[in-house]
Amino acid sequence: MSKKLQSLFSVFQSEASRLSSKGMSMLPALVTLYTFFFILTPLLHEIYEQLPYQNMVLMYAGVSTLISATCFIAANLFFFVLYIKKIPYFENYRISDAPWPWETDPEGYKLKLRGTLRTLLLNHLIILPGISYIGATVLKNEMNLMLEGLPSGKDLLYNILFFMIVEDFMFYWGHRLFHTPWMYKRFHKQHHEYKISIGLASSYAHPVEFILGNLLPSALGPMMLGPNCHMFAWFVWVGIRTFETVDGHSGYDFPWSPFRLLPFSAGAAYHGYHHSHNIGNYGSFLTYLDTLFGTNRSYCIYRAKNDSLSNKLLR
Ligand SMILES: [Zn+2]
Ligand SMILES: [Zn+2]
């Protein structure tokens with residue numbers, strides 16, 4: 001077998017083992033997805049009808065900010081309980097047995113937490129609504145706001161898949177750019193201060209990175225759809241993207257995570273390696289670009305070496 005064919009075979013082999021290692025956990029993940037898209041969506045439509053849906057600025061800048069902040073706080077509260085309580089069931093899914101940052105240096109971590117919270121407030125409560133305001137006014141966002149055309153569960157699912165693929169593509173290239181020496185030193189280094197990443201670290205980024213590396217890739221898919229994108233789909237996407245990025249930074253890789261069902265999905269172990277080793281693994285939702293461009297080679301070698309030695313994904 002030629003070398004190229006051999007490496008292609010091993011890519012599919014490791015993907016097959018990733019999916020099969022989920023085992024029965026695939027079931028709750030699928031049930032969560034089905035419940036969200038096909039049972040909860042009509043209920044969420046009713047909430048949408050109560051919103052000031054004719055006002056683009058209020059919806060795009062105001063409600064989006066509220067959804068993003070609420071999801072960010074809810075997801076982090078969930079992980080905060082896991083970090084403090086160390087519940088044995090969830091500990092099985094920790095990606096590393098390294099101590100948390102507050103366990104190794106409690107005083108230093110207090111300072112770090114203060115700085116992190118300041119950055120989070122800036123990014124979530126000033127930058128996000130500010131950029132969204134520009135999107136709604138200067139860039140004249142064309143999204144459909146009206147009750148006619150509220151997407152069904154199936155349409156919503158297609159929309160979200162499209163947004164994920166576009167986001168991942170842009171995120172990958174943006175992230176690679178932020179790893180060039182000039183950009184890294186000035187902007188991206190801040191995000192990498194967390195070697196052991198935690199949920200809060202997901203939005204701990206220099207404002208330039210937050211705008212170009214996080215907000216822009218997330219907004220691009222909906223922008224591409226123009227008036228064919230409904231504000232409701234945008235809201236759902238904002239919620240999903242926020243939960244997913246906290247999940248990806250949490251330090252726990254749950255086999256029942258509904259965000260990791262797509263073929264060649266990334267995850268907390270994948271992005272955790274990016275933080276702990278700072279080599280490759282630039283994708284957000286998916287790994288295929290890293291594989292195509294050889295930027296996850298180091299991670300694949302690491303996993304091949306360590307999988308047999310430890311039940312932890314990172315050591
Ligand atoms: Zn990075
Ligand atoms: Zn990160």
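This note goes through a predicted model point by point, from its zinc site to its nonpolar cores.

1. Ground rules. Residues are numbered from 1 along each chain as its sequence is written, while chains are lettered from A and ligands numbered from 1 in the order in which they are written. Local features in this predicted model need pLDDT of at least 70, side-chain atom pairs count only at pLDDT 80 or more, and totals for chains, interfaces and linings use all residues, with side-chain values taken from heavy atoms and hydrogens and water left out.

2. The zinc site. The zinc ion (ligand 2) has the protein donors His 191, His 249, His 271 and His 275, each through NE2, at 2.0 to 2.2 Å. Donors are N, O and S atoms within 2.8 Å of the metal (3.2 Å for Na, K and Ca), and sites may look incomplete because water is not among the atoms. The spacing of these donor residues in sequence is H-x57-H-x21-H-x3-H. The distance from this ion to the zinc ion (ligand 1) is 5.9 Å.

3. Geometry of the site. The arrangement around the zinc ion (ligand 2) is irregular because its four donor atoms subtend angles of 92 to 160 degrees. Four donors count as tetrahedral if all angles lie between 85 and 135 degrees; four count as square planar and six as octahedral if opposite donors are over 155 degrees apart and all others between 65 and 115; anything else is irregular.

4. His 191. This residue sits in the loop between H8 and H9; helices (H or I, at least four residues) and strands (E, at least two) are DSSP runs, numbered from the N terminus. His 191 counts as buried because its relative accessible area is 5% (buried means under 20%, exposed over 50%, partly exposed in between, with a 1.4 Å probe and protein chains only). Its side chain makes a polar contact of 3.2 Å with the side chain of His 249 and also reaches the backbone oxygen of Ala 201 at 3.2 Å. A polar contact is a pair of N or O atoms within 3.5 Å; within protein, one must be able to donate a hydrogen and the other to accept it, and residues adjacent in sequence count only if both atoms are side-chain atoms.

5. His 275. This donor lies in helix H11 and is buried, at 1% relative accessibility. A polar atom of its side chain lies 2.8 Å from the backbone oxygen of Tyr 194. Leaving aside neighbours within four places in sequence, the contacts of His 275 (heavy atoms within 4.5 Å) include His 191, His 192 and His 249.

6. The annotated domain. UniProt, in an unreviewed entry, places "domain: Fatty acid hydroxylase" at residues 161–295; its positions are given in the numbering used here, feature names are shortened, and annotations may be inferred rather than shown by experiment. That span is 57% helix and 0% strand, and its end C-alpha atoms lie 23 Å apart.

7. The nonpolar cores. A nonpolar core is a set of buried Ala, Val, Leu, Ile, Met, Phe, Trp, Tyr and Cys residues joined through side-chain atoms within 4.5 Å. The largest has 29 residues, and those touching the most other members are Tyr 48, Met 59, Tyr 60, Ile 160, Met 231 and Trp 234. Helices H2, H3, H7 and H10 each give two or more residues to this core; H10 has the largest share, nine residues. A second, separate core of 17 residues includes Tyr 83, Ile 198, Val 246 and Tyr 252.
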